[in-house]
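Subject: Structure for your review

Dear colleague,

Please find below the structure that I am handing over to you. I should be grateful if you would look through it together with the notes that follow.

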Amino acid sequence: MTDARGRASDDRVYDVVGIGIGPFNLGLAAMLDNVTEDVDAAFLERDAAFQWHEGMLLDGATLEVPFLADLVTLADPTSEYSYLNYLRETDRLYEFYFYETFQVPRREYNAYLRWVVDRLNTPQFSREVTTVCWDDDANHYVVTAHHTDTGAQFDYRTEHVALGIGSRPQIPKALQGHPEDDVFHTARYRYNRERVLDADSVTVVGSGQSAAEVFQDLLSRQTDHDYRLDWLTRSDGFFPMEYSKLGLQHFTPEYERYVYGLPQAVKDDLIPNQELLYKGIDPGTSAEIYDLLYRRSIGDADPDVGLFAMTEVRDIVALNDAYALDCHQWQSEESFVHESEVVILGTGYERPIPGFLDPLEDAINWDQKDRFEVTADHRLDLDLSGDIFLQNAELHTHGVGVPDLGLGCYRNSKFVNRIVGRTAYPEDRDTVFQDFSVDQFVKHAPNTSHDTGGEPTSTPTQDD
Ligand SMILES: Cc1cc2nc3c(=O)[nH]c(=O)nc-3n(C[C@H](O)[C@H](O)[C@H](O)COP(=O)(O)OP(=O)(O)OC[C@H]3O[C@@H](n4cnc5c(N)ncnc54)[C@H](O)[C@@H]3O)c2cc1C
Ligand SMILES: NC(=O)c1ccc[n+]([C@@H]2O[C@H](COP(=O)([O-])OP(=O)(O)OC[C@H]3O[C@@H](n4cnc5c(N)ncnc54)[C@H](OP(=O)(O)O)[C@@H]3O)[C@@H](O)[C@H]2O)c1
């Protein structure tokens with residue numbers, strides 16, 4: 001049916017419409033498909049087909065979480081959409097059994113996600129969402145999307161919305177505006193690699209996992225292509241991200257609940273200072289880079305490589321056949337100019353508030369910094385009867401676990417249970433060997449109580 005403005009529309013009211021198809025909304029689609037209720041859902045993706053961070057699908061790059069953090073297993077290990085069932089159905093179960101590695105190749109995780117997409121009937125591609133409105137008379141949302149090839153418009157009426165648009169590459173303003181073949185974000189690396197290999201000099205900026213993987217890839221190809229390779233970062237050093245077992249317990253429902261309960265001002269101090277929990281370099285990647293440099297330098301050989309930390313790239317100026325990077329070492333407060341023919345920016349990702357929510361601006365509750373107010377169960381706090389489920393847009397309220405693939409099932413369990421109005425998936429509790437809140441510790445430790453009577457319970461000693 002077409003309305004007066006030529007938009008495809010019908011009277012069907014979905015239970016939920018997902019905006020964006022990344023791992024989180026795809027997990028929601030898979031988990032909804034497994035419930036006994038007949039849930040009417042649609043998931044809309046602007047790209048023509050599913051690819052997971054395609055520009056970074058490098059050979060040898062692996063997931064940073066065990067394969068058990070697939071779309072469904074941590075909520076329902078018996079689901080047909082599990083990674084293990086993907087291996088069974090694609091006849092790779094024995095090969096994986098002898099692979100004996102929990103961190104699977106990112107290329108295979110992508111293949112798994114595409115396999116799930118092909119089995120579901122709720123994903124719709126080439127649909128870019130442009131507005132989300134609330135229809136007061138009908139008491140539901142209207143999500144409008146256009147077809148990215150034909151421009152055709154579609155209206156989806158729905159009780160609830162699942163916002164799953166992820167993040168977008170972040171390039172500091174001063175570094176923008178140069179030809180995309182020469183100065184570009186790591187998210188475009190695979191598309192531009194051939195051009196990079198032809199350059200005389202290449203500089204990688206940033207020291208998160210993206211920059212490290214690109215640096216490693218270029219380092220391994222350098223001897224065949226003969227370019228100078230530099231790596232600059234503003235971070236304190238080329239430091240690893242946390243990967244110890246006790247440290248990883250910060251990516252659990254318990255820690256998330258603890259962070260949510262803190263005052264917002266405390267969270268605003270805490271979360272930016274926890275970067276090495278979820279940023280930084282995978283220890284394996286770091287070791288591989290080091291070992292390659294070691295082998296290259298045998299016999300006093302010069303690998304023609306530079307690594308320099310504590311250095312912000314403040315500006316990029318075009319020269320005749322290269323770019324001048326205006327650099328500042330913030331600790332020694334020294335500035336210098338560095339020239340490079342190609343610059344690859346591993347400067348991270350950002351999560352701006354999407355413009356398509358503008359029509360709901362007055363209904364949304366905003367915090368003092370104009371960010372979403374969020375409920376404990378990851379919904380946008382708003383004055384409407386329909387829910388907007390937040391996938392990966394609530395780092396400021398729920399902390400470091402929000403972008404982590406390992407907590408996707410936990411969050412989606414809450415969403416599915418709310419949509420179907422019963423506990424279709426269990427909500428995990430008691431998943432850690434440590435406690436994060438005083439209440440929890442007091443509850444678990446028989447020798448501890450809340451009441452100190454105003455005095456310390458024991459006299460501190462040197463060992464305390
Ligand atoms: C290279 C890379 C590797 C990572 N590896 C890991 C890892 O191993 N482990 C881990 O825990 N985390 C990892 N992360 C972090 C995080 O888990 C991923 O970014 C993950 O993809 C986030 O999933 P998502 O569903 O939020 O969004 P995304 O995967 O970003 O997907 C969002 C989708 O929404 C679509 N979209 C956006 N706007 C619209 C619109 N208006 N209409 C329709 N569609 C729209 C986009 O096209 C996109 O396909 C990685 C991040 C990167 C960049
Ligand atoms: N294999 C994988 O699974 C994989 C691969 C890639 C990414 N990821 C994940 O994706 C997320 C994003 O990672 P990312 O590496 O893209 O980004 P990131 O972790 O946010 O790192 C950005 C880096 O760029 C630096 N930087 C920013 N602006 C700069 C400037 N002007 N000059 C110099 N340095 C600058 C930052 O320094 P500061 O520290 O000073 O901010 C930081 O070192 C992370 O959670 C990561 O774990 C995972």
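One term is needed before the findings: the domain bounds used here come from an automatic or database domain assignment. Please also bear in mind that this is a predicted model.

Where does ligand 2 lie with respect to the two domains? Domain 1 (13–167 + 351–420) and domain 2 (171–241 + 279–349) both contribute residues to the shell around ligand 2, so the ligand lies between them.

That shell consists of 24 residues, of which Arg106, Ser210, Glu213, Ser235 and Tyr278 are the closest. By class, it holds twelve polar, seven charged and five nonpolar residues. At least two shell residues come from each of α6 (209–225), α10 (275–278) and β12 (311–318).

Several side chains make polar contacts with ligand 2. An N or O atom in the side chain of Arg106 is 2.5 Å from a nitrogen atom of the ligand. For Ser210, a side-chain N or O atom is 2.7 Å from an oxygen atom of ligand 2. A polar side-chain atom of Glu64 lies 3.2 Å from an oxygen atom of the ligand. Taken alone, ligand 2 exposes 930 Å², and the protein buries 84% of that area.

As for the chain as a whole, it contains 14 helices and 17 strands. Its radius of gyration is 24 Å, close to the 23 Å that the globule rule gives for 464 residues, so the chain is as compact as a globular protein of that length. Of those 464 residues, 49% count as buried.

Yours sincerely

Terms used
Residues are numbered from 1 along each chain as its sequence is written. Chains are lettered from A and ligands numbered from 1 in the order in which they are written. This is a predicted model: local features need pLDDT of at least 70, side-chain atom pairs count only at pLDDT 80 or more; totals for chains, interfaces and linings use all residues. Side-chain values use heavy atoms; hydrogens and water are left out. A residue is near a molecule or strand if one of its heavy atoms lies within 4 Å of it. A polar contact is a pair of N or O atoms within 3.5 Å; within protein, one must be able to donate a hydrogen and the other to accept it, and residues adjacent in sequence count only if both atoms are side-chain atoms. Accessible areas come from the Shrake-Rupley method with a 1.4 Å probe; for residues, only the protein chains shown count as cover. Helices (H or I, at least four residues) and strands (E, at least two) are DSSP runs, numbered from the N terminus. Ala, Val, Leu, Ile, Met, Phe, Trp, Tyr, Cys and Pro count as nonpolar, Asp, Glu, Lys and Arg as charged, and the others, Gly among them, as polar. The radius of gyration is taken over C-alpha atoms; the globule rule is 2.2 Å times the number of residues to the power 0.38. Buried means under 20% relative accessible area, exposed over 50%, partly exposed in between (1.4 Å probe, protein chains only).
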